[in-house]
Amino acid sequence: MNTIATTATGHARRHAAFVAILAALAGLMFGLDVGVISGAQQFIQREFGISDAVLEHIVSSMMWGAAVGAALAAWLSKHFGRKRSLILSASLFVVGSLVCAAAWSPDALIGARFVLGLAIGIAAFTAPLYLAEIAPTDRRGAMISTYQLMITIGIFVAFLSDTGFSYIESWRWMLGIIALPGALFLLGVLSLPESPRWLVLKQRAADANAVLQKLRGDPEAVRKEVADIQEQLRTPQQGWQLFLQNRNFRRSVGLGIALQVVQQLTGINVVMYYAPRIFADMGYATSAQMWFTAIVGLTNVLATFIAIGFVDKIGRKPILYAGFVVMAIGLGIVGLLMHVGMASQGEHLLAVAMLLVFVIGFAFSAGPLVWTLCSEIQPLKGRDFGIGVSTVTNWVFTGIVGVTFLTLLNNIGSANTFWLYAAFNASFLLFTWALVPETKGVSLEQIERKLMAGERLRNIGA
Ligand code: BGC
């Protein structure tokens with residue numbers, strides 16, 4: 001029986017939602033950063049007269065920065081707290097985007113985008129962690145999906161803003177404008193409460209009580225939750241040591257890595273970073289490329305609502321199964337159309353529609369759920385380390401997918417490239433069945449207990 005699952009009522013629920021939305025704004029920063037570069041590329045290239053190879057460095061320096069930021073974030077959030085880490089991230093974000101806008105050379109741009117990456121890496125690690133720690137059990141999946149929703153909104157807004165600034169051909173405005181939401185985020189983050197779990201970790205149970213009281217409302221539930229966290233902290237063992245000593249922890253870290261590899265090998269970022277290029281390959285002119293890219297962004301946003309609505313009702317696994325099926329079919333048909341060649345207008349539109357089907361499949365499943373699961377499966381003592389490792393993995397594989405796509409297109413052709421990703425998605429059904437636990441409605445403490453008792457990974461949830 002689940003004795004320590006938490007719920008919240010009335011005023012407390014509204015307060016918790018406010019806190020969650022604010023924290024989830026970190027996702028908006030993440031998304032703006034992902035989306036903003038696709039539209040800016042051609043103008044940067046024109047102004048500096050640089051090769052594709054240099055341009056690739058400009059694009060990818062952010063991904064490597066994010067990997068480093070995510071690696072540092074575990075240490076930062078453990079020593080200085082979740083809140084201060086988010087403040088640092090927001091500050092770096094503002095500075096990074098302003099320097100991007102003012103960049104005097106390709107190298108300056110590479111450096112500034114690396115700083116921006118640091119900011120995003122820290123946020124990508126800290127925000128889901130923080131959200132999982134403040135969320136009541138019955139709302140946890142939805143809260144973390146809200147974070148993903150913010151990522152998709154950020155991407156969409158960046159696609160739109162790029163389209164707007166493309167009329168004045170100003171990549172500096174494209175890259176600089178995001179400092180504004182960054183500054184607003186910084187202001188918002190200053191008002192967040194610190195994570196109750198981190199407060200207990202730092203022997204500040206009274207502060208944790210006060211925060212939880214506001215978030216949950218029910219003093220009895222708060223007392224139980226604090227007692228439960230304290231109970232778990234009795235044998236303090238952390239991160240790396242735990243990883244070396246404990247086989248069960250190595251399993252959850254391994255699962256977190258696998259989940260993020262799977263998320264990236266769905267091929268989503270092929271679409272997010274190269275949508276205009278894909279539409280060009282399908283035979284569309286520039287303005288259509290821009291508009292279809294914006295539609296991709298909007299579709300990505302809308303489909304994420306499906307996850308938010310269903311993740312805590314239907315559960316994680318059924319949604320993942322459905323998502324991988326939809327993604328495999330979508331990409332499979334895109335590949336087929338590319339293989340036979342598209343002659344009619346109808347076939348062209350079908351290809352666009354299938355790409356959108358793929359994006360929908362990702363947005364309601366692997367997009368939000370991978371982040372959700374990664375923050376749920378790690379035991380508290382090693383949570384920072386575990387989520388840190390999986391977040392770094394996310395960025396390293398974003399980088400790998402990003403730097404191999406054009407090479408794949410040129411070497412095996414577009415049909416085979418899409419079929420390859422379709423095959424990956426089909427194989428992830430097996431992965432989900434064999435390894436992914438159903439964590440719907442199960443408290444983090446209960447998941448931890450089962451993991452540490454040596455239960456098979458797919459059984460550590462319900
Ligand atoms: C992924 C990103 C991706 C985004 C698209 C996120 O969950 O981690 O790599 O760009 O979804 O919406």
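**A walk through two domains**

In this predicted model, a good place to start is the salt bridge in which the side chains of R197 and E445 meet, with 2.9 Å from N to O. R197 belongs to helix α8 (residues 196-201) and E445 to helix α20 (residues 444-452), so this pair ties together parts that lie 248 residues apart in sequence. The count of salt bridges comes to seven, taking a side-chain nitrogen of Lys or Arg within 4 Å of a carboxyl oxygen of Asp or Glu as the rule.

Now step back to the domains. The domain assignment of the protein gives domain 1 as 1-192 and domain 2 as 237-462. Where do they touch, and with how many residues? Domain 1 brings 49 residues to the contact, and domain 2 brings 46 residues. Taken over C-alpha atoms, the centres of domain 1 and domain 2 are separated by 19 Å.

The size of an interface is often given as the accessible area lost when the parts come together. Between domain 1 and domain 2, the buried area is about 4100 Å², and carbon and sulfur atoms give 71% of that area. On the domain 1 side, M63, R140 and F159 lose the most area to domain 2, together 15% of what that side buries. Across this interface of domain 1 and domain 2, the rule finds zero salt bridges.

Finally, look at a pair of helices. Helix α2 (residues 52-79) and helix α4 (residues 106-134) have axes that come within 5 Å and cross at roughly 40°. The crossing of α2 past α4 is right-handed. In their contact, the residues divide into 19 nonpolar, eight polar and one charged.

Notes. Residues numbered from 1 in each chain as written. Predicted model: local features only at pLDDT ≥ 70, side-chain atom pairs only at ≥ 80, totals over all residues. Heavy atoms only, no water. Axes fitted to C-alpha atoms, helices over the stretch in contact; angles between N-to-C directions. Helix = DSSP H or I, 4+ residues; strand = E, 2+ residues; numbered from the N terminus. Left-handed = near helix turned anticlockwise from the far one by under 90°. Nonpolar A, V, L, I, M, F, W, Y, C, P; charged D, E, K, R; others polar. Domains from an automatic or database assignment. Contact = heavy atoms within 4.5 Å. Buried area = accessible area lost by both parts, 1.4 Å probe.
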